[in-house]
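Colleague: I'd like to go through this one with you and ask how you back up the labels you use. Can we take it piece by piece?

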Amino acid sequence: MPAFGTPAESQAGPPVPGIIGASPAMQEVYRVTRRVATSNASVLILGETGVGKELIAGAVHRLSHRRSGPLVKVNCGALSESLLESELFGHVRGAYTGAVATRQGRFEAADQGTIFLDEINSTSLTLQVKLLRVLQEGEFQRVGDTTNRHSDCRVIAASNRNLMDEVHEQRFREDLYWRLNVVPIEIPPLRRRREDIPELVTHFLEYYNELNDRYVVHIEPAALEAMTDYHWPGNVRELQNYIERAVVMAEGDELVASLLPEEVVGSQPAAAEEVIAADVESLTTAVVRQGLSQLDAEARDVHGQIVDRVEREVILQVLKECDGVQTRAAARLGINRNTLHKKIKDYGLDQPEEQA
């Protein structure tokens, strides 16, 4: 994708060139980005894979007083624990097999600048202790060394998971979470900002036309409608991939629906893992739309017909989760046992209750 340009002066629209989207959801992201950039606070960028967390990290750096310093990026999920520790803090010669020379780490390289720790949720609890020390005291030790070293750098971290859930599962240290989460920036998935899709499509068309010496400048309305309706489990990165493919495969100057994958144009159901990847809000919307489409246009009691089906399925799933024990299921559902028992009979879910 195109590199960032100089920091934008205007307070409307993207904070720096290269970020696409004018939806209200993205405007809020831009507002927080501009606000936090001028401080020294740690930033935690949250969002699903492919939403553009690295772009926002770059914007924070480019708008900060550290912009003349380096922006050092580390994908914490791409390396094993031992290699990641060496990558972050460096090592001395002989620290481990293969360490044939002393090596500077990324924190040292980021001095007077910014370090971006992507997929911070994939770090081990042991490494998290060392990261916490850097954040609190600005010091660390190279692997195999006893000398304390210092780095004056700003830390921006990113996660594609809810870190508080990781804390509750004891996979992420709570003290590190609060140290990182001074200012959170949550980037919405593409399905929550569908109004940005036409602009993104145009942007990627221009980019890949130039890159591949092509001239695909028109978009078939059916293709744009299909892309706008699709739920995009892979977010902007998935859209970018499909536009590149369409530009390469196009025989004329128009992006037509036949150039898009079957799951996008609707001729093939979405794969199970794509449905699971969608958030509850999107899944609920899909269920209601499907329910309405199956009812007669003149049907009455639409609310009851759809809600009853959803409630029946919720009760059935919770009963299975609780091994058929109605007392436990009622507590899980937040209703009393007598109410649950009546609903079980009404929905035809009668079954012998298992023992707790």
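Modeller: Sure, start with Asp118: away from residues up to four places off in sequence, Asp118 touches Lys53, Val74, Asn75, Cys76, Gly77 and Ala158, where contact means heavy atoms within 4.5 Å. Keep in mind that this is a predicted model, where local features need pLDDT of at least 70, side-chain atom pairs count only at pLDDT 80 or more, and totals for chains, interfaces and linings use all residues. Residues are numbered from 1 along each chain as its sequence is written, and side-chain values use heavy atoms, with hydrogens and water left out.

Colleague: Why is Asp118 said to have no salt bridge?

Modeller: A salt bridge needs a side-chain nitrogen of Lys or Arg within 4 Å of a carboxyl oxygen of Asp or Glu. Lys53, the nearest side chain of opposite charge (Lys and Arg count as positive, Asp and Glu as negative; His and the chain ends are not counted), is 5.2 Å away, so Asp118 has none.

Colleague: What makes Leu83 partly exposed?

Modeller: Buried means under 20% relative accessible area, exposed over 50%, and partly exposed in between (1.4 Å probe, protein chains only). Leu83 has 44%, so it is partly exposed.

Colleague: And what makes helix α2 mostly covered?

Modeller: Seven of its 10 residues are buried, among them Lys53 and His61. Helices (H or I, at least four residues) and strands (E, at least two) are DSSP runs, numbered from the N terminus.

Colleague: How do you know that β2 and β5 pair?

Modeller: Pairing takes at least two DSSP bridges; these parallel strands have five, so they pair.
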